[in-house]
Structure formats: structure tokens, C-alpha cells
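Here is a friendly walk through one protein model, meant to be read with the structure open beside you. Take it topic by topic, and turn the view as you go.

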Amino acid sequence: TATTGAITMTSGVQTVAVTGADDATVDYTAGSNIGVSIIESDGAVTLVSGGAIYDNLTGEANNLRGGTIVAVLTAETGIGHLASASQDDLDVEIAELTLSNSTSGNVYIEESDNLLISSVGVGVTTSGSDGSVSIQTISGNLTVSGSITLSADAGDLVLSAGTAGNIAVNNTISSSKGSLALVAAGGITQTAAGDLTTLGTAENIILSGSGDISMANGAVSSSN
């Protein structure tokens, strides 16, 4: 814990907490930025930043590791990159994700295989002056079980599932100002609970998949 300062992991340095019982935890809390090199756990990783949570690892290796872990990320000025730096992403190999970004900055997450947006906690939320969100899998399915809510003054959402990956929308996805784009190398399934809504003027909802795109009875897609 750095109550008023930053936590910066030197590139290549690792924090490892593995018990074999899928219950180890890693918790970092900083008043300012958190620069992540490599954190590995078999339980949960919780990062709480008064600034940004960003990738401080040279190259594109995973920052968060542990195929069974739940990652809980809370920031104020972006997740995946620093506002003063070029765009980057937080590279992860995790099971479940919940995140919140509250003041400014964008969110960039890249998962190596399957990823679940958790229904436990806040799901994915952004607010403040801006807040685009990009969450993608390189090779795997992307399942939205928790809600995704973009309420910032500006910001688009892109969900992408690569290499035959499917997207399942099982909860609401909404943006108050921006567009929504769901792009899957496989198919896209929108369940009855998976409403898609954008309230921004002249903003779009785009679904693109190489496989089937299905919309359950009762599901709603709405744009201005």
C-alpha cells in the first residue's frame, strides 16, 4: 500500500502468490498510479489506484497471470495506459474481470484466451470526462455476465473475440455518449437480459461476426 504515492513494478519483476488451492490473493493500493510488471495468483488480484493502472512490462507478455483468478481493477485516470504515454493495454490471462474507472482516461484490456465479465461487483463501469473501453480476447470467448455501463461524457465501447471466439451478451451494455461495437471471429449471442443501448446522438450499435448472430426474444437494441 502506498497511501499517497505510486506503486511502480520494474519491468520483469514478478509478484507471485500461488497456494494450489485457488485462494491466494494479491492486493495493491496506491494514491497515485500503479505500474504493473507481472502479477501471478491462483485466487484474486485487486488493484486500487488513485491514478492510472498501466502496463509497465516491456513487450506484450501478460501482466496479470493465473487462469483461474478474478481481477478487480479500480482506477481514476485510465486502465492499460498512462494519459501521457502512447496507447497500450493491460495484457492478462485471467478468468473473470470487474473494473471501474471514475474520472478520465480510457480502458484497454487484452486477454489471451477466455474472459468473463463478472456479475459480482460493478461489472465494467466508466464515468467522468471521457472513458472509451476496449476489451478483447486474442483467442477465446468473451462472456458478459456483469453489466457494462459507460456513463462518461465521451467514449465508445469495443468488445472483440478473436480466433473463432464467440461473444455472449447475458447482461446489459450501455453507453450514455458513445457507440457500441461487438466484433467476434465466431458468433454473437444476445440473450433476453442482454439489452444494448446507446443514448448518444447519432451513435451506432454494430455487431459483426463470422458465425451466427442471434437475438433472443425480449432482447432490445436501442440507439438514437
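The notes below cover a pair of neighbouring strands, a buried charged residue, a well-covered strand, the nonpolar core and a loop residue.

Please keep in mind that this is a predicted model. Good places to begin are S49, in strand β6, and D42, in the loop between β5 and β6.

**Strands β3 and β6**

- Strand β3 covers residues 25-30, and its side chains alternate between two faces.
- On one face of β3 you will find V26, Y28 and A30, which are buried; T25, D27 and T29 point to the other face and are not buried.
- β3 and β6 run parallel and are joined by six bridges.
- Within this pairing, A30 has S49 of β6 standing opposite.

**S49 in strand β6**

- S49 belongs to β6, which spans residues 44-49.
- Is S49 buried or exposed? Its relative accessibility is 5%, and the cut-off for buried is under 20%, so S49 counts as buried.
- The S49 side chain reaches the backbone nitrogen of G51 at 2.9 Å.
- Beyond its neighbours within four places in sequence, S49 is in contact with A30, S32, N33 and I34, and also with T74, A75 and E76.

**D42, a buried acidic residue**

- D42 sits in the loop that links β5 (38-41) to β6.
- Although D42 is buried, it has no salt bridge. The nearest side chain of opposite charge belongs to R65, 14 Å away.
- Which backbone nitrogens does the side chain of D42 reach? One is that of T19, at 3.1 Å, and another is that of D22, at 3.4 Å.
- Both T19 and D22 also appear among the contacts of D42 outside its neighbours within four places in sequence, a list including A17, G20, T68 and I69.

**Strand β12 and its partners**

- Five of the six residues in β12 (residues 96-101) are buried, leaving this strand mostly covered.
- With β9 (residues 70-75), β12 pairs in the parallel sense over six bridges; here V72 has T98 of β12 as its bridge partner.
- With β14 (residues 115-117), β12 runs parallel and shares two bridges; E96 stands opposite L116 of β14.
- With β15 (residues 124-126), β12 pairs in the parallel sense over three bridges; the partner of S100 in β15 is T125.

**The largest nonpolar core**

- In soluble globular proteins, nonpolar side chains tend to be buried together.
- How many residues make up the largest nonpolar core in this model? There are 47, and the ones that touch the most other members are L64, L73, L97, I109, I135 and L159.
- Setting aside neighbours within four places in sequence, L159 is in contact with I135, and also with residues including L142, V144, I148 and I167.
- Other contacts of L159 include I173, A181, L182 and V183.

**I138, a loop residue**

- I138 lies in the loop between β16 (133-137) and β17 (142-144).
- I138 has a relative accessible area of 43%, so it counts as partly exposed.
- Apart from neighbours within four places in sequence, I138 is in contact with E110, E111, S112, G162 and T163.
- I138 and A192 are 54 residues apart in sequence, and their C-alpha atoms are 27 Å apart in space.

Key
Residues are numbered from 1 along each chain as its sequence is written. This is a predicted model: local features need pLDDT of at least 70, side-chain atom pairs count only at pLDDT 80 or more; totals for chains, interfaces and linings use all residues. Side-chain values use heavy atoms; hydrogens and water are left out. Helices (H or I, at least four residues) and strands (E, at least two) are DSSP runs, numbered from the N terminus. Buried means under 20% relative accessible area, exposed over 50%, partly exposed in between (1.4 Å probe, protein chains only). A polar contact is a pair of N or O atoms within 3.5 Å; within protein, one must be able to donate a hydrogen and the other to accept it, and residues adjacent in sequence count only if both atoms are side-chain atoms. Contact means heavy atoms within 4.5 Å. Two strands pair if DSSP finds at least two bridges between them. A nonpolar core is a set of buried Ala, Val, Leu, Ile, Met, Phe, Trp, Tyr and Cys residues joined through side-chain atoms within 4.5 Å. Lys and Arg count as positive and Asp and Glu as negative; His and the chain ends are not counted. A salt bridge is a side-chain nitrogen of Lys or Arg within 4 Å of a carboxyl oxygen of Asp or Glu.
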